[in-house]
Amino acid sequence: MDAAAAMAAINTTTAPFPANPSFFSNSAPRFTLLQPHKRSIPFSKPLKCTHSKPNSLSCSALTSFSPSETAQLLPSKLRHLAHEFQSLAEPLDRVKRLLHYAGLMPQMEDSKRVDHNRVMGCTARVWVEVRLDDEGKVRLAADSDSEITRGYCACLVWALNGSEPEEVLKVKTEDLLGLNVGLGSSGTGRSRMNTWHNVLVSMQKKTKQLVAEKEGKAPFEPFPSLVVSSDGVFPKGTYAQAQAKYLFPNESQVNELVEVLKEKKIGVVAHFYMDPEVQGILTAAKKQWPHIYISDSLVMADTAVKMAKAGCEFVTVLGVDFMSENVRSILDQAGYNEVGVYRMSNERIGCSLADAAATPVYMDYLHAASNAAPSLHVIYINTKLETKAYAHELVPTITCTSSNVVQTILQAFAQVPDLSVWYGPDSYMGANIKELFLQMTHMTDEEIAAIHPEHSLDSIRSLLPRLHYFQDGTCIVHHLFGHEVVEKIKEMYCDAFLTAHLEVPGEMFSLAMEAKQRGMGVVGSTQNILDFIKDRVQESLDRNMDDHLQFVLGTESGMITSIVAAVRSLLDPTKSSSQGSKVAVEIVFPVSSDSISSTSSNSPSSPHSVQLGDIKLPVVPGVASGEGCSIHGGCASCPYMKMNSLDSLLKVCHHLPDKENILSEYKADQFKLQTPNGKSVADVGCEPILHMRNFQAAKKLPEKLVDQILHLQDNGRSM
């Protein structure tokens with residue numbers, strides 16, 4: 001039911017709700033909540049009341065309570081609100097009650113209904129203002145252009161208004177679960193439940209900032225960001241300026257690349273984490289040559305096969321070495337042995353995560369798994385082909401991606417009785433998966449079944465002791481999303497949309513998971529993050545109103561090129577369905593504070609500027625310090641990925657076909673190595689990938705893999 005229908009129902013009701021203007025003022029002689037039978041729930045003490053102007057009441061009520069009594073007042077109010085809505089059996093009655101309370105809350109002044117006070121994540125427009133009074137109490141105002149949302153805001157304002165700041169900050173989103181009035185369809189109900197949560201988070205953020213200001217604490221410097229709108233791209237901070245610089249590539253370089261790709265029938269597959277300069281060139285070149293693709297590591301190999309089918313004679317791989325190995329092996333499996341595969345360096349392009357799995361410690365981990373039959377080894381796709389092959393000969397192995405790992409593990413437990421699962425090598429992802437399953441033990445059977453239909457509370461509890469993960473493998477980039485970054489996000493960006501790769505440390509994971517539960521976050525793969533941002537932008541455009549969306553990018557900063565390209569396409573006035581509305585999308589880079597060289601506007605030696613389209617950008621100095629930092633600034637950047645330069649790409653392309661063998665060290669050769677059991681590394685290493693392919697198609701483990709699991713022997717097993 002929408003607000004208009006509900007209002008019409010109220011107007012035709014024979015017994016409308018009685019007016020109760022004291023409800024939100026906290027200034028009535030006695031605290032009264034409307035109940036179905038107009039039953040009052042009084043507090044033991046009267047509340048003071050002052051009239052500020054005709055037909056209005058100002059709030060000075062809480063001054064009559066001692067600090068200990070005030071501490072109890074807030075949770076009591078929340079409990080009474082929950083009891084009130086739960087006691088109304090019919091959805092129509094709950095809508096009426098919300099609309100009644102919406103009508104009691106004073107209108108917010110137009111001067112306060114500004115972007116600075118907007119609450120992100122709500123379907124309707126919502127504004128919240130917070131101030132501290134002379135006694136340090138929290139004073140709130142809120143408004144919305146939706147009457148139902150306004151009713152939600154009214155309830156929260158009433159519950160929190162006049163509280164001590166620490167009491168407001170103690171309230172958790174789960175404390176509001178009892179206030180779920182259960183309106184509308186399940187999807188609409190979730191959206192409206194998120195309104196409670198997002199308004200609360202916005203109130204808490206503003207409260208925290210006011211307290212810090214009152215205590216004289218220096219405010220945090222904001223993270224660098226890029227703001228994308230239909231008018232252009234606007235960087236904030238030196239790191240963002242460096243990122244933005246390459247969104248407008250040199251046209252002659254683009255044309256040079258396109259010409260050689262077309263002439264020599266070369267396909268290009270690149271990872272999302274590529275250097276922004278290279279991604280800018282590739283994104284522009286793709287408009288003239290379709291065989292260029294930027295994606296996550298799994299799709300890179302799939303796309304290479306499509307390029308081979310379309311007639312490409314060579315595939316250049318911009319990524320780390322295990323990615324070119326995967327492309328080579330998948331092309332061979334598909335029968336395209338004659339297609340040449342080339343890396344971008346004559347040196348090794350490593351990966352800290354893949355290296356962690358190519359160690360004796362990891363093999364010891366798998367030996368333990370081989371002695372615990374029935375066991376399944378779930379290995380992250382971001383590992384070397386040799387590792388996959390050697391692992392598969394020890395323990396039946398299936399690869400996974402960050403987007404399908406949870407479903408892979410849940411399906412394995414459901415399909416094979418008494419199974420033990422051994423995940424690796426990413427320790428953060430393993431810990432996050434286990435934490436996710438622990439959170440599921442607080443869900444109902446119905447909620448768990450929505451995640452995986454063959455699981456229940458009992459099955460989730462029983463599988464936890466049989467889920468193992470490697471303890472010594474990390475990605476050096478995602479490792480950087482640690483305590484310092486998380487604390488700053490909590491302080492400054494808790495009301496923004498939070499995105500996090502499954503490889504981030506637990507603090508960042510928990511923060512993004514909490515945001516996800518209230519519709520404000522995503523945890524998953526690079527593609528999941530990109531899709532989430534696109535979906536939120538499209539939803540804003542569909543609402544056809546001015547909006548500012550802020551996203552914290554919790555993964556490698558190289559993704560920004562793909563994100564900006566996708567967002568600019570959505571905001572293109574010629575393609576957008578919005579009629580005159582302005583939507584701005586801000587991408588925030590959470591980089592470590594000591595990893596950026598800043599420039600001072602007061603410096604006598606101001607940096608030179610360059611003109612890029614409509615944007616004037618300063619020339620940015622290099623990084624100050626920090627492992628994992630690119631030459632362009634912040635720390636959320638993979639140094640190995642940055643070995644894939646534009647110069648290397650052009651060099652490889654111009655020398656193809658390599659008749660003089662100049663590119664021998666750049667070529668990804670077919671694997672001739674053998675496993676300890678005398679089999680081809682390429683054949684055995686591809687089998688876990690093919691198992692994953694079958695799982696993705698059928699949504700269950702292939703019978704061949706199940707048979708391998710059930711016939712696992714302690715020693716000498718031949719796959």
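Begin by selecting T316 and Y342: in this predicted model, Y342 of strand 10 is the bridge partner of T316. Widen the selection to the two strands concerned. Strand 9 covers residues 314-318 and strand 10 covers residues 340-342, and they pair in the parallel sense over three bridges.

Next, add residues 321-333, which form helix 11. Together with strand 9 and strand 10, helix 11 makes a right-handed β-α-β unit.

Now select strand 7, residues 266-271. Strand 7 pairs with strand 9 in the parallel sense, over five bridges. To see one of these positions, display A270 and L318, the latter being the bridge partner in strand 9.

Remain with strand 9 and show its side chains. Which residues of strand 9 point one way, and which the other way? F314, T316 and L318 point one way, while V315 and V317 point the other way. In a regular strand, side chains alternate between the two faces of the sheet. Strand 9 is mostly covered, with five of its five residues buried.

**The six-stranded sheet**

Move to the open sheet of six strands, whose order is 6-5-18-17-15-16 and whose pairing is mixed. Select residues 232-236 for strand 6 and residues 521-524 for strand 16 to find the edges of the sheet. Each of these two strands has a single partner strand, so one side of each is left without a neighbour in the sheet. Neighbouring strands here are turned by 15 degrees against each other on average, direction ignored.

Within this sheet, select residues 547-554 (strand 17) and residues 583-588 (strand 18), which pair in the parallel sense over six bridges. Display H548 as well; opposite this residue, in strand 18, stands A584.

**Helices beside the sheet**

Select helix 20, residues 506-517. Which strands does helix 20 lie across? Helix 20 lies across strand 15 (497-501), strand 16 and strand 17, and runs at about 130 degrees to strand 16.

Continue to helix 21, residues 526-543. Its 18 residues reach 26 Å from the first C-alpha to the last, close to the 26 Å expected at 1.5 Å a residue. The buried residues of helix 21 are T526, I529, L530, F532, I533, R536, V537, S540 and L541. To see what covers these buried residues, add strand 15, strand 16, strand 17, helix 22 (560-571) and strand 18, which are included in the cover. Then step to N544, just after helix 21, where the phi is positive at about 55 degrees.

**A serine in helix 6**

Select S202, which is placed in helix 6 (residues 186-214). Is S202 buried or exposed? S202 counts as buried because its relative accessibility is 1%, where the cut-off for buried is under 20%. Leaving aside residues up to four places away in sequence, S202 touches V119, V128 and D495.

**Confidence along the chain**

Finally, colour the chain by pLDDT. The protein chain averages 78, and 77% of the residues score at least 70. Among the elements of the chain, helix 18 (residues 457-463) has the highest mean pLDDT, 97, and strand 2 (residues 56-58) the lowest, 31. Select residues 593-635, where the pLDDT is below 50; beyond near neighbours in sequence, this stretch has 81 contacts in the model. Last, select residues 714-719, where the pLDDT is also below 50 and the stretch has 18 contacts in the model beyond near neighbours in sequence.

Terms used. Residues are numbered from 1 along each chain as its sequence is written. This is a predicted model: local features need pLDDT of at least 70, side-chain atom pairs count only at pLDDT 80 or more; totals for chains, interfaces and linings use all residues. Side-chain values use heavy atoms; hydrogens and water are left out. Helices (H or I, at least four residues) and strands (E, at least two) are DSSP runs, numbered from the N terminus. Buried means under 20% relative accessible area, exposed over 50%, partly exposed in between (1.4 Å probe, protein chains only). Contact means heavy atoms within 4.5 Å. Two strands pair if DSSP finds at least two bridges between them. Axes are lines fitted to C-alpha atoms, for helices over the stretch in contact, and angles run from 0 to 180 degrees between N-to-C directions. The expected span of a helix is 1.5 Å times one less than its number of residues. A crossover is right-handed if, with the strands pointing away from the viewer, the path from the first strand over the helix to the second runs clockwise. pLDDT is the predictor's confidence in each residue, from 0 to 100.
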